Amino acid sequence: MPAPALILDDVVIHHGHQRLVAVDARIAAGEVLTVMGPSGVGKSTLLAQAAGFLAPAFTASGHIRLGDVDLTRLAPERRRLGLLFQDPLLFPHLSVGGNLAFGLPASGGRRNERRRARRRRIEEALNDIGLAGFADRDPTTLSGGQRARVALMRVLLAEPRAMLLDEPFSKLDAALREEMRRLVFARIRARGLPTLMVTHDREDAEAAGGQVIELAPQPQG
């Protein structure tokens with residue numbers, strides 16, 4: 001069943017007395033809203049507000065909704081938003097399979113049954129991203145593209161209801177950027193996840209294929 005729309009209802013963010021961001025938008029299931037602009041205009045600040053991590057130096061008004069649910073006052077862990085960053089941020093002390101298991105929701109049943117079910121889901125997930133047999137690998141032995149794919153699948157295994165993408169392709173080389181764009185946006189469409197992406201790269205926006213909002217520096221004073 002597709003996720004409901006992600007709605008940015010008259011969201012305005014200030015830094016002190018300076019208005020930084022003002023966005024009013026609706027992101028339908030499976031669509032990507034791209035927010036673009038130079039450094040310092042508040043792209044990542046908007047993402048932090050959506051995720052529930054806005055720094056105390058900023059103040060925000062308006063509401064962020066997922067369907068009928070107002071996320072604005074919910075704790076970050078209750079928002080069920082999947083976050084994908086510039087860096088894969090894999091846990092170095094866990095295997096590839098251990099990293100994926102971290103994203104899996106808790107399940108019922110006997111302990112051995114739970115373990116087998118989790119292992120099966122991890123193997124299916126790795127096969128889905130072309131990394132079959134990698135469950136026991138050390139993340140530090142993976143290439144940049146492989147780490148990015150594992151990070152994406154870890155987010156998806158947590159069963160988010162919407163996605164937030166923070167410059168997710170910026171640290172990949174050109175060939176890998178194109179590959180990961182196809183993979184990420186295909187999974188977003190297939191799972192019907194409304195997605196908010198911030199980026200400097202217009203090719204990211206073109207690949208996403210959705211609405212684009214361009215932020216400009218606000219006048220001082």
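Strand S1 (residues 6-15) and strand S4 (residues 58-66) run antiparallel and are joined by 8 bridges. Within this pairing, His14 stands opposite Thr59 in S4. Keep in mind as you read that this is a predicted model.

Let's widen the view to the sheet around these two strands. The sheet is open and has 4 strands in the order S2-S1-S4-S5, with antiparallel pairing. Its edges are strand S2 (18-27) and strand S5 (69-70), each of which pairs on one side only. As a reminder, strands of a sheet pair through backbone hydrogen bonds, either parallel or antiparallel.

A helix joins the picture here. Helix H1 (residues 43-51) lies across S1, S2 and S4, and runs at about 120 degrees to S1.

Now to the empty space, which may interest you for your own calculations. The largest pocket holds about 580 Å³ of space. It is lined by 23 residues, and those closest to its centre are Leu81, Gly82, Leu83, Val155 and Ala158. Strand S6 (81-84), helix H2 (96-103) and helix H4 (144-157) are the elements that give two or more residues to this lining. Of these, S6 supplies the largest share, with 4 residues.

What is the lining of the largest pocket like, when its residues are divided into nonpolar, polar and charged? The table gives the split.

| Class in the lining of the largest pocket | Count |
|---|---|
| Nonpolar | 15 residues |
| Polar | 2 residues |
| Charged | 6 residues |

So much for the sheet, the helix across it and the pocket.

Conventions:
Residues are numbered from 1 along each chain as its sequence is written. This is a predicted model: local features need pLDDT of at least 70, side-chain atom pairs count only at pLDDT 80 or more; totals for chains, interfaces and linings use all residues. Side-chain values use heavy atoms; hydrogens and water are left out. On a 1 Å grid over the protein atoms alone, a cavity is a set of points where a 1.4 Å probe fits but cannot get out, and a pocket is an open set with protein on both sides within 12 Å along at least five of seven lines; lining residues have an atom within 4 Å of a point. Grid points are joined across faces, edges and corners, and a volume is the space filled by probe spheres set on the points. Ala, Val, Leu, Ile, Met, Phe, Trp, Tyr, Cys and Pro count as nonpolar, Asp, Glu, Lys and Arg as charged, and the others, Gly among them, as polar. Two strands pair if DSSP finds at least two bridges between them. Contact means heavy atoms within 4.5 Å. Axes are lines fitted to C-alpha atoms, for helices over the stretch in contact, and angles run from 0 to 180 degrees between N-to-C directions.
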